[in-house]
Structures are given as C-alpha cells and as structure tokens.
Amino acid sequence: MPEVLPGWTAEVKKLLAQFEPSALKLGYMPPEDLAAIGKL
Amino acid sequence: MLPSGPSSVECMLCMQIAMLLVLERAISQIHSQLKQKSAAAPVGTATAAKALASPGSRPTIDGLGEEVINPDFAASKEWALLKPDELQVVRRLKAWLGNAAFSKLPRDLLVCFVRGYAYRADWAEASFAYLDQCLRWRDGMSADVIALQSELLPPKRAMFEAIVQAGPIGFDREGHPVILDRVGATDPSKLLPNFDQDAFMRQQCYNRECLRVFATANCLRRKKRLYKMVQVIDLKGLGWAHTDSQMYALLKHYNSVFSWNYPESLSKIIVINAPFVFQAVWKMIQPWIHPITRQKIDINGRSYQAVFAKNGITLFDGATEARHATPRHATPRTPPTTARRPPRRPCVTRCGTCAAAMPSRH
C-alpha cells in the first residue's frame with residue numbers, strides 16, 4: 001500500500017495535460033449508445 | 001503466538017458506533033412510518049402528489065409512490081450497451097428535461113441514474129425525480145466544472161488533502177479504479193476547526209468530480225464504460241476522536257447527500273485494518289444494510305492481500321497514475337494517426353491501463 005498519496009488535485013492536473021477538458025466534462029459513453037440516443 | 005484480544009478502548013469505540021447505528025436505524029424507521037401514514041392519508045397533499053406524477057408532468061420525489069420492486073429487474077453490466085427498455089427511460093428523461101438541459105447532461109451520470117432506479121416499478125419517474133434533484137445540487141456546487149477550472153479549486157485545498165488522504169491506487173480485474181480513503185488517518189482535531197459542513201461538502205464534491213474525471217479518462221483509454229469504483233477504506237488509526245458527534249454529523253450528512261447524487265458508483269467496498277471488535281460489530285449491523293450493498297462490502301483486519309488478489313487488484317507503482325501515463329498509453333489532445341503511433345512493446349509493469357490497451361501482449 002502506498003505511503004503517500006499524491007492527492008486528487010495532482011491527479012487531475014496530469015489528466016488535463018493529456019485530455020481535452022471537454023472530453024472529460026461530458027463523461028464517457030460508447031459510440032453505439034450515443035448514436036442510439038441521438039435517434040430518440 | 002495468539003493474537004492479543006481487543007483493548008477496552010476498542011470495545012468502547014465499537015459499542016459507541018453500534019449505539020449510534022441503532023439510534024439512526026430507529027429514527028429512520030420512525031421517519032419511514034410517518035411517511036407511510038402521510039402517504040396513506042386522503043388529504044390534499046396526496047392528491048397533489050398524484051397530479052404531479054400524472055403523464056406529461058415532471059415527476060418529483062414527493063410525488064413518487066412507495067418503492068415497489070420490479071420483479072423483472074435484472075442488473076446490466078456497466079459496459080453493456082443500453083437495452084431498448086433503458087433507451088425508453090432515456091427518451092422519457094429527455095422529454096422531461098428538454099433538449100437544452102439533456103444535451104448538457106454528463107453521459108455517465110445519465111446512465112447511472114437510468115440504471116440506478118431500474119429495480120423500481122416507477123423506473124422512469126424515479127430516475128427523473130432523483131436526477132432532477134441531483135442537477136439542482138450540481139448547479140449549486142458548479143460540479144460539472146469544479147475539477148476542470150482552476151479558479152474553482154476549493155479554498156485550503158492543500159490542507160484538506162493533507163488531512164483527508166484519498167486517491168487512486170490501482171485497478172481491479174475489470175478495470176475499475178481502486179480508490180483509497182484513509183479514514184482512520186484523518187485527524188478530526190485538524191479537520192473540524194478548519195472545515196465547516198459547507199466547506200467539507202465542497203471539498204468532497206471536488207474529490208468526487210476528480211474521480212469522475214479519472215474514471216472518464218480510464219474509459220477513454222480502455223474504450224470501455226466503467227462508472228463504478230472499488231473503494232478501499234483504511235481504518236488504521238481509528239480512535240476515540242472519530243466518534244465525536246460533530247464528526248459523526250459531518251459524515252452522516254456527507255453520506256446522505258452523496259449517496260443520492262452519485263448512484264451506481266460502487267463496485268466494491270473493502271475495509272482494511274479494521275479493529276478486531278469492528279469486525280464483530282459488522283456482523284451485528286449487517287441485517288440493517290441493504291442486501292445489494294451488503295454483498296459489496298468486505299471487512300478485513302491487517303491481512304487484506306488475499307481480498308485484493310481475489311478481486312484482481314493491481315496497484316500502481318508508487319501509487320500514482322502518472323507513472324503509467326506515458327504517451328503510448330494516453331489518448332493525447334490530438335489523436336495520432338496510425339503512422340505516428342510508436343510501436344507497441346510488452347509492458348513490464350502489468351498495470352491495468354496497459355492490460356486494457358495491449359491485451360495481446362500480456
């Protein structure tokens with residue numbers, strides 16, 4: 001078990017350097033579901 | 001050598017926890033009976049509630065009937081595509097919310113609220129009523145962007161993270177994030193003077209939204225929908241201070257708010273370093289806990305490695321995702337073409353991220 005946790009702020013900072021914030025804001029949904037919901 | 005027995009402090013601590021739980025249970029039962037009586041009474045409020053739940057109107061929590069379990073209910077796997085009946089519920093939610101609000105709705109939350117109430121006979125109505133309540137809470141907290149905009153970072157954040165230690169430590173067999181919460185190491189004498197209830201809730205909202213960001217990134221890497229987590233609660237350091245009434249009230253409020261606003265978010269709870277007597281108390285309080293929730297909880301002492309192995313939990317090296325977040329794993333801001341992607345190499349760390357990205361290499 002790790003002795004020191006980096007903390008959520010540091011974790012998210014790393015992720016924001018790798019992903020577009022807009023992609024993270026809306027959450028994930030499989031493309032098939034997105035297409036099915038788009039037809040509703 | 002035989003393990004030493006529980007100390008008197010541990011006994012008293014657990015007795016106090018048990019008594020608080022008994023008290024809470026009794027209050028809940030009284031509250032539930034009062035609710036049933038008021039629902040049964042043929043007064044104007046009941047009529048109004050039915051009117052609110054009539055077709056076409058937006059359902060409200062007060063307008064929902066008593067919880068009736070749908071006998072045909074079967075839980076869906078997180079990663080399974082939405083079934084026709086689930087899409088029907090989505091269609092009704094969209095109609096109630098309106099196109100503008102629906103388009104802004106986080107997709108993971110939508111699925112959590114649809115699947116979180118699938119066991120109810122009034123599935124769509126319950127999903128909407130609780131989702132609507134959640135969206136109002138999220139607006140007040142700026143929850144959609146709190147983790148993404150640096151200016152919304154809660155005050156005294158560094159201090160909070162030092163006192164309330166929490167964060168991701170690995171993945172389980174299915175790819176769920178494994179989150180460690182060092183509850184026992186949280187010092188109430190430092191927490192309570194610095195964070196009142198509102199400040200504590202804002203910090204915890206930030207935590208949960210960071211977890212949503214982490215989970216979304218995990219899904220994007222794996223191309224697999226995973227909205228649940230494995231929560232590891234470390235009780236090492238649990239003591240008298242944690243039974244303080246102010247601390248108890250804080251945690252109770254936190255639980256009541258977050259359990260409604262983040263449904264379907266737990267795959268498993270693994271308690272570790274639980275005092276010996278805590279395990280006995282757990283056996284006593286089990287009947288009060290919902291069977292579905294009870295199955296997800298595993299209480300352990302110092303020996304928890306077997307439980308981790310049973311759940312296929314792999315820890316990060318050094319406890320941080322950053323060690324594994326090299327360019328070859330991550331989805332970069334500009335997706336690379338096939339020609340630009342570096343050749344795949346066998347992963348030596350056998351982390352969950354690599355396992356998902358390069359299954360053929362393991």
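Here is a short tour of how chains A and B meet, and of how chain B is put together, in a predicted model.

**Stop 1: the contact between the chains.** Select chains A and B together. Chain B puts 43 residues into the contact, and chain A puts in 27. Now colour the elements of chain B that give two or more residues to this side: helices H3 (84-97), H5 (107-116), H7 (157-163) and H9 (197-222), plus strand S1 (166-171). H9(B) gives the most, with nine residues. Colour that side of chain B by class and you'll find 25 nonpolar, 11 charged and seven polar residues.

**Stop 2: one helix against another.** Keep H9(B) on screen and add helix H1 of chain A, residues 8-16. The two axes come within 10 Å and cross at roughly 35°, and the crossing is left-handed. Which side chains should you show here? From H1(A), pick Trp8(A), Glu11(A), Val12(A) and Leu15(A); they meet Asn207(B), Cys210(B), Val213(B), Phe214(B) and Ala217(B) of H9(B). By class, that makes seven nonpolar residues, one polar and one charged.

**Stop 3: inside chain B.** Hide chain A and colour chain B by domain: domain 1 is 77-141 and domain 2 is 156-318. Their centres, taken over C-alpha atoms, are 25 Å apart. Where they touch, 13 residues of domain 1 are in contact with 14 of domain 2. On the domain 1 side, look at H5(B) and helix H6 (123-141) of chain B, each supplying at least two residues. H5(B) has the largest share, six residues. By class, this domain 1 side holds eight nonpolar, two polar and three charged residues.

Technical notes: Residues numbered from 1 in each chain as written. Chains lettered and ligands numbered in written order. Predicted model: local features only at pLDDT ≥ 70, side-chain atom pairs only at ≥ 80, totals over all residues. Contact = placed C-beta atoms within 7 Å. Helix = DSSP H or I, 4+ residues; strand = E, 2+ residues; numbered from the N terminus. Nonpolar A, V, L, I, M, F, W, Y, C, P; charged D, E, K, R; others polar. Axes fitted to C-alpha atoms, helices over the stretch in contact; angles between N-to-C directions. Left-handed = near helix turned anticlockwise from the far one by under 90°. Domains from an automatic or database assignment.
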